[in-house]
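Work through these exercises with the sequence and the 3D view side by side. Try each task before you read its solution.

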Amino acid sequence: MRLPYGRGDGRPEFAFGIGFGGGYSIVSVKRRAPFEAGSGPGILTRMVYVHNLTKRYGNLTAVENLSFQLERGDVLGFLGPNGAGKTTTMRIITGYMPPTKGTVHIEGVDIFDEPLQAKRVIGYLPENPPLYNDMTVMEYLTFVADIKQVRRKEKKSRIIYVMEKCGISEVRRRIIGHLSKGYRQRVGIAQALVNNPSVLILDEPTIGLDPRQIIEIRELIKSLSGERTVILSTHILPEVTMICSKVIIINHGKIVLEESLQKLSEDMSNAESIIMRTRQNGEGVIEKVLALGGISNVKPGVAGEYIIVPKKGAEVREDIARIAVEDDWGLLELRPVTNTLEEVFLKVISSEEN
Amino acid sequence: MGAFYPVLKRELRSYFASPLAYIILVVFQIISARFFFLYLQGFLQFQLDPSYQLQTGDLNLNNLVILPYFGTISIVLLLIVPLITMRLVADEKKNYTAELLFTSPIRIRTIVFGKFIAALILLIMMLLLSSVNVFVLIVHGNPDFGAVFAGYVGLFLLGASFLSIGIFASSLTDNQLIAAVISFGILLLLWLVGALSDAESTILGYLSVINHYEDFGKGIIDLKDVVYYISLIFLGLFLTYSALESERWR
């Protein structure tokens, strides 16, 4: 590199050239990187922008080329079998660990270039609630508010608010180490909320709670969404149907399904088969149903059940009902087979595995 | 540095919420006071000894009581500091609270520094307690005050370097006991490495943590000794920082 005031005697010029050139190029690459990586303005407007995330532990690839985006108000259900890379992904998004490759932007801020700014708006409940067992609930939440840099004026009201919201006001003077699992989990959730985060990341929030508490926490998460963006990992699939607006299923570190819940439930209720249950295992039922036309297959199931597969687009339920009454089969039930999220989940995971 | 004070406060609270800090203070005071009494007793008996009158020079309160007393304190510190520092980082890992700290808008160095200062405050309390014994001498005798002061500066620096090494050991594991054993091992090694030579003659002698202490006991605050201890403190804290930082990359 030749600088205008280089004297041609080599060494000083050389040394200066390296220092200047190297420094400059690093800075410029760093600034440009996010805009190259994504599709332009998306990064700045999305609440959570995850691009090409890859994490390797030695030879093991925990997460591979994971990309997704979330808007304000999205509630993402993050599903996957154990060891699929859910926790790793969440740890990267929260800035706990850096990825091997890829970028994460929270409200347009890169979590690794400007961690202090990005982490301010995140609330995170890890798999195991990060609790200090020797502190009281109140002391603990005050400490969390302090390190999350909640403004002094808002601190007290914020702590009282989250304790109220999570139902732990009555234990606020108890030592955390003496609390039951359910209360500990709720203190963990309160901790994630104390800085009024706009991005809330919850790693299995309802684990270890009793059924009544699970319902309470679900209601809580539902009431927290809206202005916030929530990422929620869970094993309990009905939970996703109840809370989330969007679902991502990952397996072996890769996204195998990404869908809005609305679309997903439309797909799921697009039933292909019909289940009929009768009191009597009447003779010739199969033949008679087949004779109706528009039906491609009838299989007998257990306890007087028949699984009827109509031809594409054919509406046969009325005909079946009529013939069942006319022939006095003792019709008990006639319903379309709806896929549950469980079935979708298993289908997606197993098709991936084959 | 916004989060420094909360981290410091939490650590101090944690020390004094459990019996640990009190036990450490009491045990430290009992051991050091017992030895102080022994040295003082020895000194008083020695004074009655007729041969004492024939001796000249160095047989004074400083050399016969205060100097060995400080030596005892330094050994007790070697034993007690691993107990003070063992939980500082290891516990954060064990309780998963490291995940809270590292996802909060605070810097790792702030966390490390907050923990170090908390342990340092406990050390200062120990040294203040032990100074009660010396204070008795100052009231009832006439020791060289300068040497006492220099000795305490030395003990403070020595203890602080022990603490920073202890924190480093604690950052290597999530098990308190292992942390204590590692830090005791490192400290003992640093102590013994120069047992055969002094600070000037060999590299090992220079590295020895105790060789640099000798001058302080004699009332000399030598810049090169101060630099040695301060470097050791920063090295320990830097290694702690690096251990925590590199753990995230694994």
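**Exercise 1. Find what share of chain A is buried, and how far apart its contacts lie in sequence.**

Step 1. Fix the term. A residue is buried if 20 or more other C-beta atoms lie within 10 Å of its own, exposed if 12 or fewer, and partly exposed in between, with C-beta atoms placed from the backbone.
Step 2. Apply it. Of the 354 residues of chain A, 37% count as buried.
Step 3. Fix contact. Two residues are in contact if their C-beta atoms, placed from the backbone, lie within 7 Å.
Step 4. Take the contacts in chain A with a separation of 6 or more. Residues 24 or more positions apart make up 66% of them.

A note on the model and its labels. This is a predicted model: local features need pLDDT of at least 70, side-chain atom pairs count only at pLDDT 80 or more, and totals for chains, interfaces and linings use all residues. Residues are numbered from 1 along each chain as its sequence is written, while chains are lettered from A and ligands numbered from 1 in the order in which they are written.

**Exercise 2. Judge the confidence of each chain.**

Step 1. Know the score. pLDDT is the predictor's confidence in each residue, from 0 to 100.
Step 2. Read the averages. Chain A has a mean pLDDT of 80, and 84% of its residues reach 70 or more. Chain B averages 89, with 94% of the residues scoring at least 70.
Step 3. Find the extremes in chain A. Confidence is lowest in helix α1 (residues 11-37) of chain A, at a mean of 38, and highest in α5(A), at 96.
Step 4. Look at the start of chain A. Over residues 1-40, pLDDT stays under 50, and the model has 19 contacts there beyond four places in sequence.
Step 5. Check the complex. The predictor gives an ipTM of 0.89 and a pTM of 0.81.

**Exercise 3. Describe how chain A is divided.**

Step 1. Count elements. Helices (H or I, at least four residues) and strands (E, at least two) are DSSP runs, numbered from the N terminus. Chain A has 13 helices and 14 strands.
Step 2. Locate the domains, whose bounds come from an automatic or database domain assignment. Domain 1 of chain A covers 42-267 and domain 2 covers 272-337.
Step 3. Place them in space. Their C-alpha centres lie 47 Å apart.

**Exercise 4. Trace the strand pairings around β1 of chain A.**

Step 1. Use the rule. Two strands pair if DSSP finds at least two bridges between them.
Step 2. Start with β1(A), residues 48-57, and β2(A), residues 60-70. Seven bridges join them, and they run antiparallel. A:Arg56 stands opposite A:Thr61 in β2(A).
Step 3. Examine the turn. The hairpin of β1(A) and β2(A) has two residues between the strands, and A:Gly58 takes a positive phi near 60°.
Step 4. Move to β4(A), residues 101-106. Strand β1(A) pairs with β4(A) in the antiparallel sense over five bridges. A:Val48 faces A:Ile106, and A:Thr54 has A:Lys101 as its bridge partner.
Step 5. Go on to β5(A), residues 109-110. Two bridges join β4(A) to β5(A), again antiparallel. A:His105 stands opposite A:Asp110.
Step 6. Inspect this hairpin. Two residues lie between the strands, and A:Glu107 takes a positive phi near 50°.

**Exercise 5. Is A:Val109 buried or exposed?**

Step 1. Place the residue. A:Val109 lies in strand β5 of chain A.
Step 2. Count neighbours. A:Val109 has 20 C-beta neighbours inside 10 Å, so this residue counts as buried.
Step 3. List its contacts. Leaving out residues up to four places away in sequence, A:Val109 touches A:Glu114, A:Gln117 and A:Ala118.

**Exercise 6. Test the length and burial of helix α7 of chain B.**

Step 1. Work out the span. The expected span of a helix is 1.5 Å times one less than its number of residues. For the 26 residues of α7(B), residues 145-170, that gives 38 Å.
Step 2. Compare. The end C-alpha atoms of α7(B) are 37 Å apart, which agrees.
Step 3. Check burial. In α7(B), 20 of the 26 residues are buried, so this helix is largely enclosed by the rest of the structure.

**Exercise 7. Describe the contact between the chains.**

Step 1. Count residues. Chain A gives 23 and chain B gives 19.
Step 2. Name the main contributor on chain A. Helix α5(A) gives the most, with four residues.
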